[in-house]
Amino acid sequence: MSVGMHGIRTAGDLVLRMQISKKMRLNEAKEYVAKKLGTDVYTLSDEYAMKEIREELGIGTINAVPGQPKGLKAKAKIAELLDIKIPCVDLMR
Amino acid sequence: MSNEDVFEKLAECVVENDEDTGADLIGRAIADGVNPVEIIEKGLSAGMLEVGNRFEDGEIFLPQVMMAAALMTKLVAKVQEHIPAGEKAASNGKIVLGTVEGDVHDIGKNIVKVLLQANGYEVFDLGRDAPLTSFIEKAKEVDADVVASSALMTGTMAFQADIENMLKEAGIRDRVKTMVGGAPCTEHWREKIGADVYASNASDAVQKVREALTN
Amino acid sequence: MSKIHTRMGDGRRVEMTREEIKAEIEDGNNNAATKGKVPSLTDDELDHLVDIFTTPERFVSVNPEDLVVMSTDVAPDTIFMNYSEYGGVGVPTDTVTAQMIAERVCGSDCVQNAFRGGNLKGTSVSIMQVRQDIEALAMNTIAPIIYTTMPNMGAYFKPDGPFDNCGDLMAAGKIKEGQETYEAIVPSIVKDAMYISEMVTSIGADCINLDTAAAAGDAEFQAVLEATEKITKELGLPVLINMSNHFVMGMHGEVEYNGKRLAGMMPHDQAKVVEESGASVYGPVVNTNTKKSVAWNVAKAAAVMKECGKQSNLPIHPNLGMGVCGAPMAEIPPIDAVSRAAKALVEVGRVDGF
């Protein structure tokens, strides 16, 4: 709780995806995600900034905004954006 | 060679699993008039405790512990041949041991059993997932000195408190020492439920049982 | 000298002076060096740990750029589980809802579910229900889906399984038979792990977490490593390996992986074989000593994790929770203690997540 990025509130889910799928260490994963999102590492943990970024990119937000991509639709965008394979997205395709 | 040197070398024999040297040392020590009981307590048992400590530190492994325990049994038997019949103790104490019901984790319990046996205690193993009543029944049946229970989960740990109460209800709580162990157990837990001994690992269990039964 | 509130490894509150806390930290660090066989922390790192433990705030954190991710330990399931040993709070809900609450309310970095009890052996007969849950999660959640299961070699012993209890065999002096039985169980664990992995990957899970690895000792660890190799090579499914104990208990004593004996292996060496097996994330453990202070335990854990991170190219996610890595052995580990442990492991242990 005290040291976590907190998932889709920020970019925690994206950083964890890079660790799992590409075995990236923390800093490498953060730099990779920041680059793909067109931002910096500091911003990845900023809820205020990340809400806008996530909305703009259509990768899902923590608030249930009507019309915003959620679930599988958001993950399809994440796979494209981070250039990784997400198994359930591949299954859908 | 001083008696202390003999004890130290005998302890080394147990640790190194050196039966020939151990047997030779015992023969010579007995011939020199060294007290057989001290040979067991200060030499062989000290070696077995060291074996337990090394296992707890990951320096030696279960097969070596088992081999050391087997050697210990052989060497103790050899020493006991020289203890006058009237002075021989059948065992250092009788211990009823088990993993409480609802809990199937018995690895730690089995290691405790081996070390206790190697240190001269008679262990009545109830196995894993042992009904609570079996602790009380077996304690009564064998006139146990210690009732020891292991629990690896916070849910099953509560049964250790039940054993305390059941021993009281059976009227034998004052006749036995109780020992608790297992990952979630702590000294605070022991105090809370009124058990006599908390052991954090197998060699700790041996030392604590020894202390409990001599006090 | 003023006293500072801190805690023991069993969660009890104690008061210590700054000097006493410093001595605890130095002693924990020395224990890591002697028993854990890792280099000591530097003076600066030790001073930093003292600062972490002497600050009066209840809750401590790290700089925003240092925040880490959490692969958790089936934390969402605790929302509905009714078992205190799993930290359950017993809210009557279902798996999928609990996972979504964790993702959207608690901000969990992953969606992590498991079949109740989590054993590979139990799961293999209940996999259809697991697949149904994963399918729903794949459709509705955003964070990576981690399926968690435990090898639990003990479940393969009679009467639950077909094999004799290796511990009983060993205790009866049947060492060779005990060792042979351990070896005979390994392929069964690998087979079950493969089966579960196939089932969860074919429905959309992102990875599998083989949790509490080596709980039954070195042969179980060998099974986990062999299963990981097979899962990653044949299915391409990423694997997380989380340990159960600081060092690998030598219940067999002689099993090897890639020519390295597993018994007695410390975390920094475990990290290397985990990496060789093809795993993606490694979760080491340092057991909390309940007789020592949290400061002592955290200093030890931080030294161990720092060396793990140096020896491995993989992300290191230590297990931080009830009774491990400095968190007290208490059903509700106090946040003052856990947040200090977390901060120390991030800033001194340089971990990649939890």
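1. In this predicted model, the rule finds zero salt bridges across the interface of domain 1 of chain B and domain 2 of chain B.

2. The two parts concerned come from the division of chain B, in which domain 1 covers residues 3–87 and domain 2 covers residues 93–214. Their contact draws 12 residues from domain 1 of chain B and 11 residues from domain 2 of chain B. Taken over C-alpha atoms, the centres of these domains are separated by 26 Å.

3. About 970 Å² is buried between domain 1 of chain B and domain 2 of chain B, and carbon and sulfur atoms account for 70% of that area. On the side of domain 1 of chain B, the residues that lose the most area to domain 2 of chain B are Met48(B), Leu49(B) and Glu56(B); together they provide 45% of what that side buries.

4. A separate point concerns chain C. Its helix α5 is formed by residues 127–140, 14 residues in total. From the first C-alpha to the last, α5(C) reaches 20 Å, close to the 20 Å expected at 1.5 Å a residue.

5. Which residues of α5(C) are buried? They are Ile127(C), Val130(C), Asp133(C), Ile134(C), Leu137(C) and Ala138(C). These residues lie on the same side of α5(C) because the arc they cover around the axis is only 140°.

6. The face of α5(C) turned away from this buried side carries exposed residues, namely Met128(C), Gln132(C) and Met139(C). The reader may wish to view both faces of the helix together: Leu137(C) is one of the buried residues, whereas Met139(C) is exposed.

Terms used. Residues are numbered from 1 along each chain as its sequence is written. Chains are lettered from A and ligands numbered from 1 in the order in which they are written. This is a predicted model: local features need pLDDT of at least 70, side-chain atom pairs count only at pLDDT 80 or more; totals for chains, interfaces and linings use all residues. Side-chain values use heavy atoms; hydrogens and water are left out. Helices (H or I, at least four residues) and strands (E, at least two) are DSSP runs, numbered from the N terminus. The expected span of a helix is 1.5 Å times one less than its number of residues. Buried means under 20% relative accessible area, exposed over 50%, partly exposed in between (1.4 Å probe, protein chains only). The arc is that of the directions from the helix axis to the C-beta atoms. Domain bounds come from an automatic or database domain assignment. Contact means heavy atoms within 4.5 Å. Buried area is the accessible area (1.4 Å probe) that two parts lose on being put together, summed over both. A salt bridge is a side-chain nitrogen of Lys or Arg within 4 Å of a carboxyl oxygen of Asp or Glu.
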